[in-house]
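Please walk me through this model, starting from one residue and moving on to the bound ligands. I would like short paragraphs that I can follow with the structure open.

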Amino acid sequence: MAVTVVVGGQYGDEGKGKVISYLAFADKPSVIARGGGGPNAGHSVEYNGKKYKIRLVPSGFVQKDAQLVIGAGVFVDPDVFLQEVKDFDLGTRCKIDRRATLITQEYKDLDGASENSKKIGTTKTGMGPTASARASRTASFVSNDERLTPYLCDCHEIVNGSKNVLVEGSQGFMISNLYGTYPFCTSKDVSASTVCAEVGLGPTRVDTVVMVIKAYTTRVGNGPFAGEVSEEQAKRTNTQEYGTVTGRPRRTNPNLIWDEIKMAAKVNGANCIALTKIDVKFSECANKREYNQLSERAIEFVKEIEKKTGVPVGLIGTGPDAQDTIDRRAELGIKR
Ligand code: GTP
Ligand code: IMP
Ligand code: MG
């Protein structure tokens, strides 16, 4: 059995969707399991000239042979789920653990209206109130919504009974409820251990933890953010981005924040880094698919990351398409 877990090493939006879709084709997992928050996530996948924006179902759905499953720890908005099933033509291919928590209209309204949510700058998808309800034991399981009946499963049985599993986390280490910039953070821990627990995998099952980092840093929502530059400066360095779920402009630091990345690598137990958007930082690297085609300054940057974190950079993103990826895992001895 080989298990690979993908997590975010910064503030979310590192490009996990693209990395996961690449791994879904390269490693051909039999099961792709989604852990992490819920519909607050926004993953972008570009494949074969098509663009998908995904909030709840696994981003690896583009690989049609894989069984898809949403773990017990994920908060499920049934309307978002059913819309994605329809938009991506999934039929009943994507299952949901019967223990997963149902997001209701009441929780969404609470998240939309509360002063505290405004202060944090939440995605207003109902995450915080759903987490409170689950902790208080007043929340319902997904099985309470009859429309979800055809999709229910036991995720732990599916993942533990498979040969090759890809587990998708969401959000990023610095907005973890446990390790991030509390109280400006999301409602759960989002590190690799928690994501595994959420899909029913124990720590001894995991082979590879891929921590995704972008070649610069962005943050959506409020809270501390070192080295933040103005929107104009971000545009000048081509690093200005806009949110997938909310469309909000993302805050930018054109560099990496080393202390945070080093801590993220440790707590996640990362043994592979996936570096995305190296072509945005170094335009001459666009669409390269071999490591030795990267420029000298780009290779220096990769080496600096490896030296400071102690973790090999096994995957490098050089463009938006899933296939715009340099895969060094074999040469670095990273298990897949
Ligand atoms: P996650 O939430 O971590 O999944 O990231 P995201 O999908 O929210 O990020 P965003 O919405 O900003 O989308 C990233 C966009 O950048 C998508 O269109 C990706 O295809 C694209 N992208 C991902 N990796 C790379 C890369 O290495 N280079 C370039 N140029 N684009 C990339
Ligand atoms: P919530 O998760 O909607 O409660 O939002 C709490 C904080 O986490 C806000 O600052 C959000 O902008 C941020 N956040 C939640 N999910 C994501 C994500 O997937 N990417 C980036 N930021 C996120
Ligand atoms: Mg995102």
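**Around Asp 97**

Leaving aside neighbours within four places in sequence, Asp 97 is in contact with Ile 70, Gly 71, Ala 72, Val 142, Cys 153, Asp 154, Cys 155 and His 156. Contact means heavy atoms within 4.5 Å. This is a predicted model, in which local features need pLDDT of at least 70 and side-chain atom pairs count only at pLDDT 80 or more, while totals for chains, interfaces and linings use all residues. Residues are numbered from 1 along each chain as its sequence is written, chains are lettered from A and ligands numbered from 1 in the order in which they are written, and side-chain values use heavy atoms, with hydrogens and water left out.

Asp 97 sits in strand 7 (residues 94-97). Helices (H or I, at least four residues) and strands (E, at least two) are DSSP runs, numbered from the N terminus. Asp 97 counts as buried because its relative accessibility is 2%. Buried means under 20% relative accessible area, exposed over 50%, and partly exposed in between (1.4 Å probe, protein chains only). A polar atom of the Asp 97 side chain lies 2.7 Å from the backbone nitrogen of Arg 99.

**The magnesium ion and ligand 1**

Now turn to the metal. Which protein donors does the magnesium ion (ligand 3) have? They are Asp 13 (OD) and Gly 42 (O), lying 2.0 to 2.1 Å from the ion. The pair links distant parts of the chain, 29 residues apart. Asp 13 is in the loop between strand 1 (2-8) and helix 1 (16-26). Gly 42 is in the loop between strand 2 (31-34) and strand 3 (43-47). Donors are N, O and S atoms within 2.8 Å of the metal (3.2 Å for Na, K and Ca); water is not among the atoms, so sites may look incomplete.

Gly 42 counts as buried because its relative accessibility is 16%. Gly 42 also belongs to the surroundings of ligand 1. There, 21 residues are near the ligand, and Gly 42, His 43, Ser 44, Thr 244 and Arg 250 come nearest. A residue is near a molecule or strand if one of its heavy atoms lies within 4 Å of it.

A backbone N or O atom of Gly 42 lies 2.6 Å from an oxygen atom of ligand 1. For a backbone N or O atom of Gly 15, the distance to an oxygen atom of ligand 1 is 3.0 Å. Asp 279 places a polar side-chain atom 2.7 Å from a nitrogen atom of ligand 1. Taken alone, ligand 1 exposes 650 Å², and the protein buries 90% of that. Accessible areas come from the Shrake-Rupley method with a 1.4 Å probe; for residues, only the protein chains shown count as cover. Helix 1, strand 3 and helix 10 (278-281) are the elements that give two or more residues to the shell.

**Ligand 2**

Ligand 2 is surrounded by 16 residues, of which Asn 40, Thr 123, Thr 186, Val 220 and Arg 248 are the closest. Asp 13 appears again here, with a polar side-chain atom 3.4 Å from a nitrogen atom of ligand 2. An N or O atom in the side chain of Gln 171 is 3.2 Å from a nitrogen atom of ligand 2. The side chain of Arg 248 has an N or O atom 3.0 Å from an oxygen atom of ligand 2. On its own, ligand 2 has 470 Å² of accessible area, and the protein covers 96% of it.

**Thr 125 and helix 5**

Thr 125 lies in the loop between helix 4 (115-120) and helix 5. Is Thr 125 buried or exposed? Thr 125 is buried, with a relative accessible area of 6%. Its side chain makes a polar contact with the side chain of Thr 123 (2.8 Å). A polar contact is a pair of N or O atoms within 3.5 Å; within protein, one must be able to donate a hydrogen and the other to accept it, and residues adjacent in sequence count only if both atoms are side-chain atoms.

Helix 5 (residues 127-136) has the buried residues Met 127, Pro 129, Thr 130, Ala 131 and Ala 133. Their cover includes strand 6 (75-76), strand 8 (101-102) and helix 3 (105-113). Just after helix 5, Arg 137 takes a positive phi of about 65°. Arg 137 counts as exposed because its relative accessibility is 71%.
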